[in-house]
Structures are given as structure tokens and as C-alpha cells.
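Q: Could you take me through the aromatic side chains and one helix packing here, slowly enough for someone new to the structure?

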Amino acid sequence: MDSGDHVRGYTVVDFETTGFSHRKGDRIVEIGVVRLDSEGRIVDSWETLINPMRHVGASHIHGISAKDVVGAPTFEDIADLFALDLSGSVFVGHNAKFDAAFAQCELAAAGRLDDSQIPFLDTMAIAKRVLGLKRSRLTDVCDALGVRNENAHSALSDALATAQVLQAFLQHDNARNHPEWADVVSESSEFCGYRIHNPHCTRDALRSRQAVAQAQETLSGGAWIGQAIGHRARPDDAIAAEYFTLLDNVLLDNYLSQMEQSQLLQFARTHDLSAAALRSLHADYVHLLIHAAEADGIVTSHESAVITSVSDLVGVDLGDCQRSAPITMFAPHVRSALPSITLRPGDRVCVTGPVAQTQAYWEDYFTARGIQVAGIAKSTKVLIAGDPDSLSGKAKKARQYGIPIIAEMAVDSAIDCEEPVTATLF
């Protein structure tokens, strides 16, 4: 029996996710899709990172950080493309129950699926039945069949490995002729639950890991300002002062996240500033940092390191800053080269997604200094993030309220804590 004749083929799917349950708020952060015809020949594949609009979760497993998904499409952006590939095809996955559950919830949330249950073919279940392995993880099955998975826990690599496993089973009579296989193929050929809004959707929005890594490398060293699209060559003084204040906030930890780059570019677009105007402002800003560091007659090693770091981030050659600048006009709006946040007893801070230390560590650290660690409120002085590009609810609120976000590793260099006043008895 050639059960593949009833469908146009197989669509192998693999997801990397923030956690294990969509119903508990977890989302997809990467999708890999491999399409095979009814005989098992690979005819197409694609991959993309997905912006989950929340904390990316298990980075130690999938290797995806918040900065990687800042410019990636949301699931809804690619929902039509995904639904089109699934329509009339057999949904295949390794531990497919997991992937099908996420697909079910994401497609339904995007309005691309009715309340029908997606039928699926599970290569893990087939491997248990046909190969008799004690363990049937993808890596175990690949080892048993001689399939190479070049980059495990990358969605497309896992999907390609699963596709090769499927190809092996398509040649295995005990697998393909099993009633369960025939039943899934029959259900899939009759399944009509997908709701495609745009049948002519393109792949323009897709962002692979490789493309994102190349973009990040290209935009390092201040090259990101080339994205500015305005035309104004000279900003008004008030705009310049406002931009310097924004630079103060985003450079508190001497790190420029993808989200912070987007903030600066959005400012440029809003005020019609050209790339040349931004470069000029950045040169003035670094010059003012130098002026602030030299004000007491001594430039410390720390101040020098900060100035060098900031100049690299904003793409300024320090030699270009040895020129006159409107010091008296803008000096009040620019930080010194020393740590720029002073926390006093009774102040409030928030911590999200710590990596270097635990939440308990930071609570003890600040409590010992009389500082409250709590959720985000308008009175919060700073949000400390394991990943400054975090899309957590706390990070979203902080950006909404204009609260500075600094990297966890920069606490010691970017924050001064005033000592609590101790009462003395006479």
C-alpha cells in the first residue's frame, strides 16, 4: 500500500521554544520546516527566528538570546506561510505531540486554525516500534540510522535530521505499512482546519540565525547608525540635549543592546536626523565625556576605559574628539565618565532574568544596602537584566516608563549605593 499517494507530501516541523507549555505562556522562538513529496524526496526548507514578545527562556539549550529576536518576525507574521506548507500535507515531528501542540495554539491564536486537532506523524513513536531502542531521542535515533545532525537544538538542523529519519522509515515496510501511519495520512488528506488569510505570502520577513549573526557583526563598532533614514544634517540644540540624555540612559552599563540601538535609530527617524547628524552628535557626546573626566585634572583608568568603550559603541574615533564643542550648552545634560546611577536607602530596583547570579543573590545584595528589590513601578530607579535585550514583562514596562535597563554584569561599575545611615547612641 502506498499511503503517501493520498497527500501531497510531508511537512517536517521542529520548534525551539521558551519552555514546555504554550498554555502556561511559553512561545516559539525558532521554527524549522522541511517539505518532502509523497515519495520522501526533500523539495523545500526554510527557517526563521521568532520574536516571542516575552523572555526567550532556555538560552542554555537553544542558544538564542533576546538580541537575536529583536528584529525577527512574530509568529503571526509567518502564520500564513506555515499554514500553507501544512495544508494538504502530513505534519511530522520527532516527539510530534510537543510540536503539534505549539503549532495548534500558535495558529489558533493567529486566527489560522479552527478548533480542529492537527493530525501528526511522530517519528519518535515509530522509532520505538520499529527500531526497538531503549531511548528514542532524536540523537539516539539518528545514531541508530547513521543520520548526522550538524547543529542539534537548531530548529532547521533538527528538522532536516528528522526528515532523514522519515526517509529511512518510508523505506521500511514495518513502518510505512503500519495502520497508524495509514490513519494519519488519511486524516491529513481530509483535514481542512487551516484558515489562510494571504495565500500569496512571501518569505521576506524570515530571519535565520546566520542572517542575524551576520547583521550583528556588520553593525558592531558603531556601524548601526548607517540605518538612520532622516535628512536633517544639524539638529536643534533642544533635540541634541534630549538625545544626549537618551545616550546617558542607554550607555549606563557601557553596553549597547539591539533594543537600545533601535531606540536611538527611532529617535533619529522621529527627528529626521541623518546618519551624518548622528555621527556628529556622537562625536560631541564623547568630547563632553572627555571634558567631564578632565574636569578634576585627573583621568582615571576607569574613566579612560569608559570613554574608550563608549566611543567604540557609537563609532567615534577618539582623535576626532579633540576639537571645540559647545561644552557649556550641553554639559548639564551629559553624565560624567563615572558611574551614573546613585541609589540611596529606600530606593527601589527590579531584577529580571539574572544569569550571572540568582534572584536571591541580588535581593540580599541590595537589601544589605537598604534598597528594595521589587516589581516594576514608576518609582523604580533601574532594571537589572541578565539580558539587556530582554522581552520580559518587566523589561517592557521599564521601557514604557523610561526606566534605565543595565546589564547584570555592569552593576558594580554603573551603580553607586550610598551607605545606610546608622543611628549612634550617646
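A: **Rings, and two helices side by side**

The charged end of Arg369 sits over the ring of Tyr365, 3.8 Å from its centre, where sitting over a ring asks that NZ of Lys or CZ of Arg be within 6 Å of the ring centre and within 35 degrees of the ring normal. This is a predicted model, in which local features need pLDDT of at least 70 and side-chain atom pairs count only at pLDDT 80 or more, while totals for chains, interfaces and linings use all residues. Residues are numbered from 1 along each chain as its sequence is written, and side-chain values use heavy atoms, with hydrogens and water left out.

Tyr365 also belongs to a cluster in which ring pairs link Tyr361, Trp362, Tyr365 and Phe366. Rings of Phe, Tyr and Trp (its six-membered ring) pair if their centres lie within 6.5 Å, and planes under 30 degrees apart count as stacked, over 60 as edge-to-face and the rest as tilted.

Across the whole structure, a search finds 12 aromatic pairs. One of them joins Phe244 and Tyr285 in a tilted arrangement, with 5.6 Å centre to centre and 50 degrees between the planes. Phe244 lies in helix H11 (residues 237-250) and Tyr285 in helix H13 (residues 275-294), so the pair ties together parts that are 41 residues apart in sequence; helices (H or I, at least four residues) are DSSP runs, numbered from the N terminus. Both Phe244 and Tyr285 are buried, a term for under 20% relative accessible area, with exposed meaning over 50% and partly exposed in between (1.4 Å probe, protein chains only). Tyr361 and Trp362, by contrast, form an edge-to-face pair, 5.0 Å centre to centre with 80 degrees between the planes. Tyr361 counts as partly exposed at 35% relative accessibility, whereas Trp362, at 5%, counts as buried.

Helix H11 has another partner: its axis and that of helix H12 (residues 258-270) come within 11 Å and cross at roughly 175 degrees, the axes being lines fitted to C-alpha atoms over the stretch in contact, with angles from 0 to 180 degrees between N-to-C directions. That makes H11 roughly antiparallel to H12, since angles over 145 degrees count as roughly antiparallel, under 35 as roughly parallel, 65 to 115 as roughly perpendicular and the rest as oblique. The contact (heavy atoms within 4.5 Å) is made by residues including Tyr243, Leu246 and Leu247 of H11 and Leu264 and Phe267 of H12.

Key: Helices (H or I, at least four residues) and strands (E, at least two) are DSSP runs, numbered from the N terminus.
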